[in-house]
Structures are given as structure tokens and as C-alpha cells.
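Welcome, and please take a moment to bring up the model alongside its sequence. We will walk through it together, one region at a time.

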Amino acid sequence: MLPLEKKTILIIMKFFSKGIREGILLVKILAFLLIMVIIFSCDEGEKYSVYHSKYTPNYKLECVDSITYKNTSKNYLGLIKDIEFWNGYILIIDHHFKKLWVFDKKMNLLRSIGKEGRGPEEYTFPPYICADNKNFMLVDYRTKIINVYDSNLNFIKKLYLPKDIFYMLYAPIKLKNYFIIPASSYLSLDLKKNFYVAKSLFVADSNMNFVKEILPWDEAYKNENVYAIYNKAVLLTKGKANTFFARQQASMLIHYIDSELNIIKSFGIKAKFFKEPPDMKIENVAKSLDATAEYGSKTTRFEAMGFDSVNNRLVVYYVNLRKESWYNRSMLSGTHYLQIYNSNYDCIFDDEVDGRLAFVNNELIYLLTDENPDFVRIKIYRLRGL
């Protein structure tokens with residue numbers, strides 16, 4: 001038998017040896033937990049970290065000019081579906097005739113492109129405009145065809161949208177390396193229930209090959225209320241240097257996303273003239289066009305965005321609809337408003353305006369104010385400090 005002193009020493013050594021092993025294990029566990037906390041906190045931060053924009057209304061809109069197109073018997077511009085400014089041209093999609101009208105900066109008509117049909121450069125649905133620095137594209141979601149035109153307005157090629165995609169019928173944008181499309185893949189989307197489990201933007205490369213899906217649906221969609229269902233689309237506009245802004249229509253959040261598809265900032269403030277939607281069941285709203293129109297007349301819709309590249313300001317257009325909006329499809333039906341955010345993501349303007357946001361070019365804001373059988377008018381505004 002060992003002397004008591006030796007036994008004591010061995011017990012103490014064994015205890016410390018076990019303690020060291022357990023200590024190392026504990027350190028490893030703590031390190032692992034710390035790494036997981038960092039990973040999840042980064043993920044949660046990207047998803048939930050929101051800047052609550054301040055409202056500092058110290059600006060007004062000043063009309064500085066207007067441009068007008070007068071309809072003729074040969075060239076009649078019907079209801080407008082989409083408007084873009086690109087490389088010195090004003091591009092207008094005609095809802096009735098399913099064609100593109102090309103104007104110069106003064107609204108002098110230069111030519112038209114396309115028409116209704118299923119042949120080459122024909123459209124079954126009013127196409128959406130998508131452009132980069134070199135080319136512009138006309139996107140027909142129904143046929144899944146994108147016609148590409150060069151800077152001289154000549155057709156150069158055709159691209160095909162992926163078939164197994166749920167498209168939300170709003171204009172995509174083209175960055176240097178990616179198409180950003182308001183859409184979700186069928187693989188991740190249950191069309192019968194819980195559409196929000198999919199992400200809201202489909203990213204493809206320049207040849208329309210799938211890259212990834214981004215931007216989870218906002219919390220506002222997870223109850224699947226009627227307002228969310230009728231506003232399950234994403235508005236897009238370009239920022240600087242291949243960045244872009246995205247806003248899900250039923251959300252008060254705007255996401256600023258970089259060229260690597262990471263969220264730089266999520267921000268926003270509730271619109272000053274926002275109407276809280278009625279709490280109704282979807283079956284009661286969807287039972288007829290009249291019921292849908294009645295519900296829609298009690299809601300606010302966010303319909304367009306533009307970017308002032310001179311002052312780094314985001315312009316957001318929203319409208320309080322009227323019942324007739326759902327029948328005549330005019331972009332001018334309803335009461336119109338603009339929200340404008342500065343480079344610090346604070347709201348510096350939120351007020352009623354004369355018409356619907358057409359586009360933003362440099363620091364000038366173009367509003368479609370008149371759309372009738374005789375003429376189409378766009379007024380030009382600049383934001384002035386008070």
C-alpha cells in the first residue's frame with residue numbers, strides 16, 4: 001500500500017489531469033457556442049437589423065418644366081403600362097397595343113417597337129422594360145421571352161426566362177452581372193399555401209441561368225392576410241455602382257443591396273398617408289371584381305421607385321386607390337404621393353403630388369400627370385429646401 005502522502009498526491013494529480021481535460025473540452029464547447037452565436041447574430045442582423053428612418057420634412061417639390069405628346073390618328077398612345085428613361089430616350093409601354101413607344105427628351109415620337117401577337121418581336125402581354133448601360137430589353141412574362149435591343153434600337157437577340165418560375169409581373173432590373181427578377185422558383189414555393197416560405201427575388205446571370213434566390217418575405221406576409229396576398233410583389237430600382245433598392249409592396253421596409261447581393265441597409269418609415277387595410281377574408285374579397293375593387297379602394301399601394309444619382313436620394317411613389325382604379329387600369333386613378341429618402345436613409349419629403357412617378361433622371365423627378373385621348377403630359381420637378 002502506498003503511504004497516505006503519496007495517495008494524496010496521486011489523487012490531486014488525477015483530479016487536476018481530469019480537470020485539465022474537462023477544461024479543454026469546456027473551452028472547445030464555449031468556443032463552438034461563441035462561433036455559432038456570431039454566425040447566427042450576423043444572419044439575424046442581416047435579416048432583422050433595421051434603421052428606423054426619421055421624418056424631417058424640410059423640402060418641397062418645385063415644377064420646373066413639362067413635356068407633352070399630342071396623339072394623332074396614326075400614332076395614338078393608349079393607356080401607359082411602364083415608363084423608363086434610358087440613354088436619352090423616354091421609353092413607354094402601351095397597355096392597349098402591347099408595344100413600345102420611343103420618344104426623345106422633349107416627348108417627340110421617334111418610333112415604335114413591337115406589337116400584339118406571337119411572332120418575332122410580338123407580345124401577348126404588355127412587356128416590361130429592363131435595361132443596362134448598353135442594351136434595353138422587353139420582357140414578356142407570358143411567353144417567357146426577352147427581346148434584347150442595342151443602343152441604336154435594333155433587335156439583336158432573344159433570351160428565354162426559366163419556365164419553372166412564379167413571376168410576380170413587375171419590372172426586373174439588369175445589373176452588370178445579374179438579372180434581378182421579382183419571382184420565386186417552384187422548387188421552394190408552395191403555391192397553395194405559405195407563399196412567403198420562398199424568397200422574393202430570383203437572380204439569374206446574363207444568359208438567364210439561375211444564380212440564387214434572395215430577400216426573404218417580410219413579417220407582414222406571414223399571416224397571409226388579404227393585403228399581403230394582393231401585394232405580393234417587389235419594386236426594384238437601381239442605385240449607384242451596381243447596387244439596387246428593393247421594396248416588397250406590403251412592407252414598410254426598403255432594402256439597399258450591394259453588387260454581391262448582400263443587404264447594405266434596411267430602412268423605412270410608415271407612409272404619412274397610408275390607409276390601414278380592412279380586415280377581411282380572402283374569399284369575400286376575391287368573390288367578384290366588384291368586391292375586389294371595393295376592397296382595393298380602401299387600401300394604399302406602393303407602385304414605383306426611382307433614384308436621384310446626384311443627391312443619392314430614393315424616391316418612392318404610392319397611391320390611395322379609388323374603386324374605378326380596378327376597372328379602367330389607368331396609372332392616374334387615385335390620389336398620388338411621394339416619399340423621398342436622403343443619403344442618411346431619413347425621409348425628407350412625404351406629400352401629395354400631381355401624378356404618378358414616371359422616372360427619375362439625375363436630380364429631376366418626372367411625374368405623369370395627364371393621360372387622355374388628346375395628349376399625354378409629363379411634368380418635371382426638382383426638390384427644393386425650405
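A residue is called buried here when its relative accessible area is under 20%, exposed when that area is over 50%, and partly exposed in between, using a 1.4 Å probe and protein chains only. Before we start, please keep in mind that this is a predicted model, in which local features need pLDDT of at least 70, side-chain atom pairs count only at pLDDT 80 or more, and totals for chains, interfaces and linings use all residues. Residues are numbered from 1 along each chain as its sequence is written, and side-chain values use heavy atoms, with hydrogens and water left out.

Let us begin at Ser53. This residue sits in the loop between strand 1 (51–52) and strand 2 (59–70); strands (E, at least two residues) and helices (H or I, at least four) are DSSP runs numbered from the N terminus. Because its relative accessible area is 8%, Ser53 counts as buried. What does its side chain meet there? A polar atom of the Ser53 side chain lies 3.0 Å from the backbone nitrogen of Gly268, and a polar atom of that side chain lies 2.5 Å from the backbone oxygen of Tyr345. Both are polar contacts, meaning pairs of N or O atoms within 3.5 Å; within protein, one atom must be able to donate a hydrogen and the other to accept it, and residues adjacent in sequence count only if both atoms are side-chain atoms. If we take contact as heavy atoms within 4.5 Å and leave aside neighbours within four places in sequence, Ser53 also touches Phe267, Ile269, Tyr341, Asp346 and Cys347, among others.

Next, look for the nonpolar core, a set of buried Ala, Val, Leu, Ile, Met, Phe, Trp, Tyr and Cys residues joined through side-chain atoms within 4.5 Å. The largest such core has 42 residues, and Ile180, Leu201 and Phe244 have the most contacts inside it. Leu201 is a good place to centre your view: not counting residues up to four places away in sequence, its contacts include Ile180, Ile181, Val234, Leu236 and Phe244.

Now for the sheets. Two strands are said to pair if DSSP finds at least two bridges between them. One open sheet has 4 strands in the order 9-10-11-12, with antiparallel pairing. Its edges are strand 9 (128–131) and strand 12 (155–160), each of which pairs on one side only. On average, neighbouring strands of this sheet are turned by 25 degrees against each other, direction ignored; the axes behind such angles are lines fitted to C-alpha atoms (for helices over the stretch in contact), and angles run from 0 to 180 degrees between N-to-C directions. Strand 9 and strand 10 (residues 136–140) pair over 4 bridges, and Cys130 has Met137 in strand 10 as its bridge partner.

Another open sheet of 4 strands follows the order 22-23-24-25, also with antiparallel pairing. Here strand 22 (300–308) and strand 25 (347–353) form the edges, and neighbouring strands are turned by 20 degrees against each other on average, direction ignored. Strand 22 and strand 23 (residues 313–320) are joined by 8 bridges in the antiparallel sense; Phe302, for instance, is partnered with Tyr318 in strand 23.

A hairpin is worth a stop too. Strand 5 and strand 6 form one with 5 residues between them, and Met107 in the turn has a positive phi of about 70 degrees. These strands pair over 4 bridges, with Trp101 matched to Ser112 in strand 6.

Finally, the charged side chains. A salt bridge is a side-chain nitrogen of Lys or Arg within 4 Å of a carboxyl oxygen of Asp or Glu, and the count comes to 13. Glu116 and Lys98 form one of them, at 3.7 Å from N to O. Glu116 lies in strand 7 (residues 115–116) and Lys98 in the loop between strand 4 (89–94) and strand 5 (99–103), so this pair ties together parts that are 18 residues apart in sequence. Glu116 is partly exposed at 48% relative accessibility, whereas Lys98 is buried at 13%.

Asp132 and Lys174 meet in a salt bridge at 3.8 Å, N to O. Asp132 is in the loop between strand 9 and strand 10, while Lys174 is in strand 14 (residues 173–174), 42 residues apart. Both residues are buried.
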